[in-house]
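Colleague: Hello! I am new to this one, so could we go through it together, a question at a time?

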Amino acid sequence: PQDYSKAIEYWQRSAQLGHAGSYYNIAVAYGFGKGVQRDMKKAEHYFELAAIGGEVIARHNLGVIEQNKGNMERALKHYMIAVRGGIAESLNRIQQLYQDGHATNEDYTNALRLYQTYLDEIKSNQRDEAAAAFEDYKYIE
């Protein structure tokens, strides 16, 4: 059985030792009420600590939180950082902000460039070969 309260204890220790991913895990626990009382203020606090530590998905989640609060400018800033780190869903969110009139064409174009730069940086022959090999597998029907 899962023991979230014990996990949170270990994540706290790990985070204090500098593991930003642990702050992210704590934020998710508070955000969904896993092992703790659901508390979005605490979730946001731990997402911030995780983002400061370099957890890009935490940056995306901060964008979602700000967007839900109606702070579109702050949401856009978080999403742009997340796009630079390769979070495709942040690119989708920026596109939606653009379509809804909360981001400019320049913002969206910049986000597309940042995401393409990320894709170019992670491109490798080994990755392409692995993807091609996977395509050869057939699914059972």
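Modeller: Gladly, and we can begin with G18, which is exposed, with a relative accessible area of 61%. Please keep in mind that this is a predicted model.

Colleague: Where is G18 found?

Modeller: Two helices frame this residue: α1 covers 4-16 and α2 covers 20-32. G18 is found in the loop between α1 and α2.

Colleague: How many Å apart in space are G18 and A50, C-alpha to C-alpha?

Modeller: Along the sequence, G18 and A50 are 32 residues apart. In space, their C-alpha to C-alpha separation is 9.9 Å.

Colleague: Let's turn to E66. Is E66 buried or exposed?

Modeller: E66 has its place in helix α4, residues 56-69. Its relative accessible area is 4%. Buried means under 20%, so E66, at 4%, is buried.

Colleague: Which side chain does E66 join in a polar contact?

Modeller: Leaving aside neighbours within four places in sequence, E66 is in contact with E44, N71, R74, A75 and H78. The polar contact spans 3.4 Å between side chains, and the partner of E66 is R74.

Colleague: N61 caught my eye too. Is N61 buried or exposed?

Modeller: N61 also lies in helix α4. Leaving aside neighbours within four places in sequence, N61 is in contact with Y24 and F47. The relative accessible area of N61 is 17%, so N61 is buried.

Colleague: Now the helices. Why are α4 and α6 described as roughly parallel to each other?

Modeller: The axes of α4 and helix α6, residues 88-99, come within 10 Å. Angles under 35 degrees count as roughly parallel. The α4 and α6 axes cross at roughly 25°, and therefore the two helices are roughly parallel to each other.

Colleague: Which residues of α4 and α6 make the contact?

Modeller: On the α4 side, the contact is made by H60, V64 and Q67. By class, the residues of this contact divide into two nonpolar, three polar and two charged. On the α6 side, the residues are E89, S90, R93 and L97.

Colleague: What is the handedness of the crossing of α4 and α6: left-handed or right-handed?

Modeller: We have just seen that these two axes cross at roughly 25°. The crossing of α4 and α6 is left-handed.

Colleague: Staying with α6, which residues does L91 touch?

Modeller: L91 lies in helix α6. With a relative accessible area of 11%, L91 is buried. Not counting residues up to four places away in sequence, L91 touches V83, Y108, A111, L112 and Y115.

Colleague: How many Å separate L91 and L114 in space, C-alpha to C-alpha?

Modeller: In sequence, L91 and L114 are 23 residues apart. In space, C-alpha to C-alpha, they are separated by 9.4 Å.

Colleague: Are α6 and α7 roughly parallel or roughly antiparallel?

Modeller: The axes of α6 and helix α7, residues 105-122, come within 9 Å and cross at roughly 165°. The crossing is left-handed. Angles over 145 degrees count as roughly antiparallel, so α6 and α7 are roughly antiparallel.

Colleague: Last one: how many nonpolar residues does the contact of α6 with α7 have?

Modeller: From α6 come A88, L91, I94, Q95 and Y98, and they meet N105, D107, Y108, A111, L112 and Y115 in α7. Two residues of this contact are polar and one is charged. The number of nonpolar residues is eight.

Conventions
Residues numbered from 1 in each chain as written. Predicted model: local features only at pLDDT ≥ 70, side-chain atom pairs only at ≥ 80, totals over all residues. Heavy atoms only, no water. Helix = DSSP H or I, 4+ residues; strand = E, 2+ residues; numbered from the N terminus. Buried < 20%, exposed > 50% of the residue type's maximum accessible area, 1.4 Å probe, protein only. Polar contact = N/O pair within 3.5 Å; in protein donor to acceptor, adjacent residues only side chain to side chain. Contact = heavy atoms within 4.5 Å. Axes fitted to C-alpha atoms, helices over the stretch in contact; angles between N-to-C directions. Parallel < 35°, antiparallel > 145°, perpendicular 65-115°, else oblique. Left-handed = near helix turned anticlockwise from the far one by under 90°. Nonpolar A, V, L, I, M, F, W, Y, C, P; charged D, E, K, R; others polar.
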